[in-house]
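Here are a few short exercises to work through with the model open beside you. Try each task before you read its solution.

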Amino acid sequence: MHVNTNLTVKQLKLLIFKMIRPLIQVPKSVIENIPEADQTEKKVLETEYNYFFEKKWSEYKDDIGNPLYKLQIYNNTNEVSGMFTKGRNECEFCKKKHTDNCTFNFEDDVILQRVINKIRDARDFSVNIHWRDKGQKANLKSFEQAPIVRKLSSVPE
Ligand SMILES: [Zn+2]
């Protein structure tokens, strides 16, 4: 899925949540305080999103922090060969060298294009869904390898 880079980080998070929403179970009680007349798709989606991602889950104290998933930036920095190991160039987002994916962690009101502009060379910017328990909360077959990709080459600058 390609997304518009004028979206904010929060809009992307909601878009991803909307994409996976058919796959997960949400307790009915989450939206029971919204009057039925006000239950638009947008309102329901945002309320459910807040339930999973805005509240503190004391039972999930790890780096995911919620029952569902965290977002990661797919690490496609260029590989560099060391004497005995293969490494990667410094990650533009956290300024560290690492071979695993980077945490997608930006303020909600940041425009995606500003995030993408951090990338030095011509690479795609892909966001992956890192699920807490594969297959536990959702049927994930079609999503496990489905990053959200924006081709840098198609971004006018
Ligand atoms: Zn990083």
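**Exercise 1.** Decide whether K95 is buried or exposed in this predicted model.

*Solution.* Start by counting: K95 has 8 C-beta neighbours inside 10 Å. A residue with 12 or fewer counts as exposed, so K95 is exposed. Next, place K95 in the chain: it sits in the loop between β3 (86–88) and β4 (102–103). Finally, look at the backbone. Most residues other than glycine have a negative phi. K95 is not a glycine, yet its phi is positive, at about 65°.

**Exercise 2.** Find which residues form the largest nonpolar core, then follow Y69 outwards.

*Solution.* The core has six residues: L12, I16, L68, Y69, L112 and I129. In soluble globular proteins, nonpolar side chains tend to be buried together. Now take Y69 and leave out residues up to four places away in sequence: Y69 touches I64, I129, H130, W131 and R132. One of these partners, I129, is also a member of the core. For the whole chain, buried residues make up 8% of the 157 residues.

**Exercise 3.** Lay out the elements in order and work out where to read the model with care.

*Solution.* From the N terminus, the order is α-α-β-β-β-β-α-β-β, giving three helices and six strands. Then check confidence: the mean pLDDT of the chain is 84, and 85% of the residues score at least 70. Among the elements, helix α2 (residues 41–53) has the highest mean, 96, and strand β6 (residues 148–150) the lowest, 46. Over residues 139–157 the pLDDT is below 50, although this stretch has 35 contacts beyond near neighbours in sequence. Where pLDDT is low, the predicted coordinates should not be read in detail.

Definitions and conventions
Residues are numbered from 1 along each chain as its sequence is written. This is a predicted model: local features need pLDDT of at least 70, side-chain atom pairs count only at pLDDT 80 or more; totals for chains, interfaces and linings use all residues. Helices (H or I, at least four residues) and strands (E, at least two) are DSSP runs, numbered from the N terminus. A residue is buried if 20 or more other C-beta atoms lie within 10 Å of its own, exposed if 12 or fewer, and partly exposed in between; C-beta atoms are placed from the backbone. A nonpolar core is a set of buried Ala, Val, Leu, Ile, Met, Phe, Trp, Tyr and Cys residues joined through C-beta atoms within 7 Å. Two residues are in contact if their C-beta atoms, placed from the backbone, lie within 7 Å. pLDDT is the predictor's confidence in each residue, from 0 to 100.
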